[in-house]
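Subject: Handing over the structure

Hi,

Here is the structure I said I would pass on. Have a look at it first, and then read my notes below.

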Amino acid sequence: MKTKQGFRLRQVCGENVIVGEGIENIDFSKIISMNESAAYLWQKVGNTEFTTADLARLLCDEYEVDEATALRDAETVANQWKEAGIAED
């Protein structure tokens, strides 16, 4: 999996949001907001290839969470990113 080009994480009024840059990524019908841990993952994976296991490992390294919980959360985040159109396989 990889994050799509042209999307950046920004702080807007204290909130983490994904902003599309470039005409092809502008869709004003939705705003993609991220909580602290999702924003952390987005920053860490950048434009590199990653798996849900990679995301889970990052969560375990940063937060006090067991591996099974981290993997469930990583799968949820990855699916949300794909559904939102900001990541692809």
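What percentage of the 89 residues in the protein chain do the buried residues make up? They make up 33%, where buried means under 20% relative accessible area, exposed means over 50%, and partly exposed is in between (1.4 Å probe, protein chains only).

Before you go further, two notes on how to read this. This is a predicted model, so local features need pLDDT of at least 70 and side-chain atom pairs count only at pLDDT 80 or more, while totals for chains, interfaces and linings use all residues. Residues are numbered from 1 along each chain as its sequence is written, and side-chain values use heavy atoms, with hydrogens and water left out.

**The overall layout**

The protein chain has 3 helices and 5 strands. Both are DSSP runs numbered from the N terminus: helices are H or I with at least four residues, and strands are E with at least two. Going along the sequence, you will meet them in the order β-β-β-β-α-α-α-β. Of the contacts with a separation of 6 or more, 47% are between residues 24 or more positions apart; a contact means heavy atoms within 4.5 Å.

**Helix H1**

Try finding H1, which covers residues 36-45. Its buried residues are Ala-38, Ala-39, Tyr-40, Leu-41, Trp-42 and Val-45. What do they pack against? On the strand side there are S1 (2-3), S2 (7-12), S3 (15-20) and S4 (32-34), and on the helix side H2 (52-62) and H3 (67-84). Right after H1 comes Gly-46, with a positive phi near 45°.

**Two buried strand residues**

Asn-16 sits in strand S3 and is buried, with a relative accessible area of 15%. Its side chain makes a polar contact with the side chain of Gln-11 at 2.4 Å. For a polar contact you need a pair of N or O atoms within 3.5 Å; within protein, one must be able to donate a hydrogen and the other to accept it, and residues adjacent in sequence count only if both atoms are side-chain atoms. If you leave aside neighbours within four places in sequence, the residues in contact with Asn-16 include Leu-9, Arg-10, Ser-33 and Met-34.

Met-34 belongs to strand S4 and is buried too, at 6% relative accessible area. Not counting residues up to four places away in sequence, Met-34 touches Leu-9, Asn-16, Ile-18, Ala-39, Trp-42, Trp-81 and Ile-86. The C-alpha atoms of Met-34 and Leu-9 are 8.8 Å apart, with their positions 25 residues apart along the chain.

**Some exposed residues**

Ile-31 is in the loop between S3 and S4, and counts as exposed at 70% relative accessibility. Its C-alpha atom is 7.1 Å from that of Val-17, 14 residues away along the chain. Glu-67, in helix H3, is exposed as well, with a relative accessible area of 63%. The C-alpha atoms of Glu-67 and Ala-56, 11 residues apart along the chain, are separated by 6.9 Å.

**The cysteines**

How many disulfides does the structure hold? The count is 0, where a disulfide is a pair of cysteine sulfur atoms within 2.5 Å. Cys-13 is exposed, with a relative accessible area of 80%, and Cys-60 is partly exposed, at 28%. You will find Cys-13 in the loop between S2 and S3. Its phi is positive, near 50°, in a residue other than glycine. Most residues other than glycine have a negative phi.

**A pocket to look at**

The second largest pocket has about 270 Å³ of space. On a 1 Å grid over the protein atoms alone, a pocket is an open set of points where a 1.4 Å probe fits, with protein on both sides within 12 Å along at least five of seven lines; lining residues have an atom within 4 Å of a point. Here 18 residues form the lining, and Asn-35, Ser-37, Ala-38, Val-77 and Gln-80 lie nearest the centre. S4, H1 and H3 each supply at least two lining residues, with the largest share, 7 residues, coming from H3.

Enjoy exploring!

Technical notes. Grid points are joined across faces, edges and corners, and a volume is the space filled by probe spheres set on the points.
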